[in-house]
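Hello,

I am passing on the structure we spoke about. Please look it over when you have time.

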Amino acid sequence: MELIVVKDYEEMSKKAAAIMSSQVLLKKDSVLGLATGDTPLGMYKELINKYKKNEIDFSKVKTFNLDEYYGVDRNNSQSYYFYMMNNFFKYINIDMSNINIPDGTAQNVEKECINYDRKIKEADGMDLQILGIGVNGHIGFNEPNVSFEAQTHLVSLDDKTIKSNARFFNSIDEVPVKAISMGIKTILQSKKIILLASGESKAKAIYNTVKGKISPETPASILQLHQDVTIILDEKAANLISF
Ligand code: PGA
């Protein structure tokens, strides 16, 4: 694991965007694994700026998002589809047929999950996967005590995740309790992984990920076994790690 500690959220976002754009420059038809939440928003803004300055071309890029809320339609403003469209995709020249996000309203969830993994495999896996991290150490919606063997599957959200995500909803009762998420096994098949973390609320999860034992209790700890992981974190998220 390579750790890059930066001053703040802005620097983290710029660093992540720089790595993403290098990836796309080196390989125009890169397959990118994308994340939602507060953490990658600054990176998406930076990438949009780079696109506007003609520094990056997304026309051949293919994307796979980590997860989607179960039972939430893509037109719902709480869906991750809506988030991706409105925070990134509609501002860049990506081919909409190259975007992949699990369908939270699929009638046959099992089939949807199998198809999602098949599409990832057909694309030869992610060249670069962006991850955030939950306060409980989750990646994607792989909550504590997940099976490291799982591929894309339907998950029940942990209480801590529901509480944390309540900030995006009018009340905690509106937060979906299930989601379709890439599994740990799916994520680990990515050739390169970048994990982003900002703020003190992530410090404990980062400590457990980097210094803790590899255990399903901290899903992100499995990243210790991946051959190409870079963690970009700000000083607050790094404050429990001593170098
Ligand atoms: P956040 O979520 O970026 O909104 O903090 C990260 C996560 O839960 O994976």
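Below are some notes on the ligand site and on one sheet.

This is a predicted model, in which local features need pLDDT of at least 70 and side-chain atom pairs count only at pLDDT 80 or more, while totals for chains, interfaces and linings use all residues. Residues are numbered from 1 along each chain as its sequence is written, and side-chain values use heavy atoms, with hydrogens and water left out.

Ligand site

The ligand sits in the largest pocket. (A pocket is an open set of points on a 1 Å grid over the protein atoms alone, where a 1.4 Å probe fits, with protein on both sides within 12 Å along at least five of seven lines; a molecule sits in it if more than half of its atoms lie within 2 Å of its grid points.) Among the residues around the ligand (a heavy atom within 4 Å) are Gly37, Thr39, Gly132 and Lys202. A ligand oxygen is 2.7 Å from a side-chain N or O atom of histidine 138, and a ligand oxygen is 2.7 Å from a side-chain N or O atom of arginine 167. For aspartate 38, a polar backbone atom is 2.9 Å from an oxygen of the ligand.

Sheet

Three strands (DSSP runs of E, at least two residues) form an open sheet in the order S4-S8-S7, with antiparallel pairing (at least two DSSP bridges between two strands). S4 (67-69) and S7 (153-156) are at the edges with a single partner strand each, so one side of each has no neighbour in the sheet. Four bridges join S7 to S8 (residues 178-181); valine 155 has alanine 179 in S8 as its bridge partner.

Regards

Terms used:
A polar contact is a pair of N or O atoms within 3.5 Å; within protein, one must be able to donate a hydrogen and the other to accept it, and residues adjacent in sequence count only if both atoms are side-chain atoms.
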